[in-house]
Amino acid sequence: MPETEPLAVVLTALPVEYDAVRALLESLDEVVLDDGTRLEQGRLSGTGWTVALAELGEGALTTAALTSRIVSALAPECLLFVGVAGGLKDDLRLGDVVVGTKVYAVHGGKQTPGGFLARPEAWHGSHRLVQAARSALRDLDGVRAHRKPIACGDVVLADERSALRDHIRRTYDDAYAIEMEGSGASHAAHLSGRLDALVIRGISDLADAGKGTADAEGSQELAAGQAAKVALAVLRKHDPRPRNSPGTQEEPRPGAGTGPGGGAGPNSGSGAGSGGDTITFQGGTYYGPVVGKITRHN
């Protein structure tokens, strides 16, 4: 893939989620990373995006580890986690979509004789992607969407009277949905540095005893399809970063000195407009510290 081609990564946990996104992409080719992780890479028609799609399996720990590997290998501009979730609010319907303005990890805390003391962890959705979602959803027909926080824990919640449901209600009252992988993806994106990330979930059940019946009646297919539709609408609104934006690689200026790999040469700080002790790095890519020496010539 050319270095100039912007890449978005879309992650899923389940086959039904993967298939829903895959159906909306074109010209797919399989990509295998050095560790054996497999993705499919294709085009999102009408945009400049190439999309790399992966099915990671269930759970936040697996998601965090594989997301870190994928981000390190592919260096995407943005990352979306797309899938299904259980609804936590009375105004939700099956097939609604929750765009995660925030993701909570709900299991952290301390158990004491006086009760459980929560120690919340939270990751905000990328401002750029949340804004793209707000814009995209204004014009997206057939989708009932909510821009709200999402709770994440390594549990399938299928009991509206459970202690966990009560804990989430008391501690994370603004959470609209519960799922299993969003915190792992969000944390990996956070640790990677400057990466826009967002979790998008379709409501496939209401986190109650009716989950099994809803799943059997096709609610996961409905919810996954709606979430995929929203995710790719977000990408259509979310423009790739300009090549000369802060933090991106710039093209070398005419006359700039170059060293191995297209980086700055040893005399690159002596040109016009330089302060004399300045080294410029246009066109270079560096993966570790740069060691240099200032030599003064009279």
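A salt bridge is a side-chain nitrogen of Lys or Arg within 4 Å of a carboxyl oxygen of Asp or Glu. With that in hand, welcome to a set of close-ups of this predicted model.

**View 1. A salt bridge inside helix 6 joins Lys211 and Asp215.** The closest N and O atoms of Lys211 and Asp215 are 3.0 Å apart, inside the 4 Å limit for a salt bridge. The two residues sit four places apart in helix 6 (residues 211–216), so about one helical turn separates them. In an α-helix there are 3.6 residues a turn, so residues three or four places apart point the same way. Lys211 counts as buried, with a relative accessibility of 15%, while Asp215 reaches 24% and counts as partly exposed.

**View 2. Glu17, Glu179, Glu181 and Arg201 belong to one salt-bridge network.** These residues are joined through salt bridges that share partners. Look here for the bridge between Glu181 and Arg201, whose closest N and O atoms lie 2.9 Å apart. Glu181 is found in the loop between strand 11 and helix 5 (182–192), and Arg201 in strand 12 (residues 196–205), so the pair links distant parts of the chain, 20 residues apart. Both partners are buried. Across the whole structure, a search finds 15 salt bridges. Side chains of opposite charge can pair when their charged atoms come close.

**View 3. Strand 2 and strand 3 form an antiparallel hairpin.** Strand 2 (residues 26–32) and strand 3 (residues 38–43) are joined by five bridges. Five residues lie between the strands of this hairpin, and Gly36 there has a positive phi near 95°. Val32 stands opposite Arg38 of strand 3. The side chain of Arg38 also meets that of Glu30 in a salt bridge, at 2.9 Å from N to O. Glu30 counts as exposed, with 54% relative accessibility.

**View 4. Tyr104 and Tyr172 make the one aromatic pair of the structure.** How are the two rings placed? Their centres are 4.8 Å apart and their planes meet at 50°, so the pair is tilted. Tyr104 belongs to strand 6 (residues 97–105), whereas Tyr172 lies in the loop between helix 4 (163–171) and strand 11 (177–179); the pair therefore ties together parts that are 68 residues apart in sequence. Tyr104 is buried at a relative accessible area of 9%, and Tyr172 is buried at 2%.

**View 5. Ile70, Val230 and Leu235 touch the most other members of the largest nonpolar core.** This core holds 70 residues. Which element supplies its largest share? That is helix 7 (residues 219–237), with ten residues. Around Ile70, setting aside residues up to four places away in sequence, the contacts are Val9, Leu11, Leu33, Thr37, Leu39, Ala54, Leu56 and Ala75. A second core, separate from this one, has eleven residues, including Leu88, Leu157, Ala175 and Ile178. In soluble globular proteins, nonpolar side chains tend to be buried together.

**View 6. Helix 5 has buried residues along its run, and Gly193 follows just after.** The buried residues of this helix are Gly182, Ser183, Gly184, Ala185, Ser186, Ala188 and Ala189. Just past the helix, Gly193 takes a positive phi of about 105°.

**View 7. Arg134 of helix 3 has contacts with Thr101 and Arg147.** Helix 3 spans residues 127–138. Is Arg134 buried or partly exposed? At 32% relative accessibility, Arg134 counts as partly exposed. Neighbours within four places in sequence are left out of the contacts with Thr101 and Arg147. The C-alpha atoms of Arg134 and Val234 are 8.5 Å apart, although 100 residues separate the two along the chain.

**View 8. Seven helices and twelve strands make up the secondary structure of the chain.** Stepping back from the close-ups, 46% of the 298 residues count as buried. Among contacts between residues at least 6 apart in sequence, 74% join residues at least 24 apart. The accessible surface of the chain comes to about 15400 Å², and carbon and sulfur atoms account for 49% of this area.

Key. Residues are numbered from 1 along each chain as its sequence is written. This is a predicted model: local features need pLDDT of at least 70, side-chain atom pairs count only at pLDDT 80 or more; totals for chains, interfaces and linings use all residues. Side-chain values use heavy atoms; hydrogens and water are left out. Rings of Phe, Tyr and Trp (its six-membered ring) pair if their centres lie within 6.5 Å; planes under 30 degrees apart count as stacked, over 60 as edge-to-face and the rest as tilted. Buried means under 20% relative accessible area, exposed over 50%, partly exposed in between (1.4 Å probe, protein chains only). A nonpolar core is a set of buried Ala, Val, Leu, Ile, Met, Phe, Trp, Tyr and Cys residues joined through side-chain atoms within 4.5 Å. Contact means heavy atoms within 4.5 Å. Accessible areas come from the Shrake-Rupley method with a 1.4 Å probe; for residues, only the protein chains shown count as cover. Two strands pair if DSSP finds at least two bridges between them.
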